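Colleague: Would you kindly take a close look at a single part of this model and describe it in a connected way for a first-year student?

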Amino acid sequence: VETLYPLLLKLLTAAPNASLRMVVIQALLRMSYSVKPVILESLLAEKDCHACSQIQQLLDSQELLF
């Protein structure tokens, strides 16, 4: 988790469309459920972690169809 989580966060930023970003978010959520809170806190406290803004942009996107 500690190796893949930052990679998925970078992929979230670089994903070309909303459907791929949604798949990445689902993978991040699955990993978040299984990791210890201390590790998750350290991963999300990284200075280059922009997960919240990326998720907000995805939810505001017009290309995402539920």
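Modeller: A residue is called buried if its relative accessible area is under 20%, exposed if over 50%, and partly exposed in between (1.4 Å probe, protein chains only). The model is predicted, so local features need pLDDT of at least 70 and side-chain atom pairs pLDDT 80 or more, while totals for chains, interfaces and linings use all residues. Residues are numbered from 1 along each chain as its sequence is written, and side-chain values use heavy atoms, without hydrogens and water.

The protein chain has 4 helices and 0 strands (DSSP runs of H or I with at least four residues, or of E with at least two, numbered from the N terminus). Of its 66 residues, 32% are buried.

The part chosen here is helix α1, which spans residues 4-14. Its buried residues are Tyr-5, Leu-8, Leu-9 and Leu-12. Viewed down the axis of α1, they fall within an arc of 105° and therefore line one face of the helix; the arc is taken from the directions from the axis to the C-beta atoms. On the face turned away from that buried side, α1 carries the exposed residues Leu-7, Lys-10 and Ala-14.

The partner is helix α2, residues 18-34: the two axes come within 9 Å and cross at roughly 160° (lines fitted to C-alpha atoms over the stretch in contact, with angles from 0 to 180 degrees between N-to-C directions). That makes α1 roughly antiparallel to α2, a term for angles over 145 degrees. In the contact (heavy atoms within 4.5 Å), α1 contributes Leu-4, Tyr-5, Leu-8, Leu-9, Leu-11 and Leu-12, and α2 contributes Arg-21, Val-24, Ile-25, Ala-27, Leu-28, Met-31 and Ser-32. Tyr-5, Leu-8, Leu-9 and Leu-12 of α1 are thus both buried and part of this contact.

Conventions:
Parallel < 35°, antiparallel > 145°, perpendicular 65-115°, else oblique.
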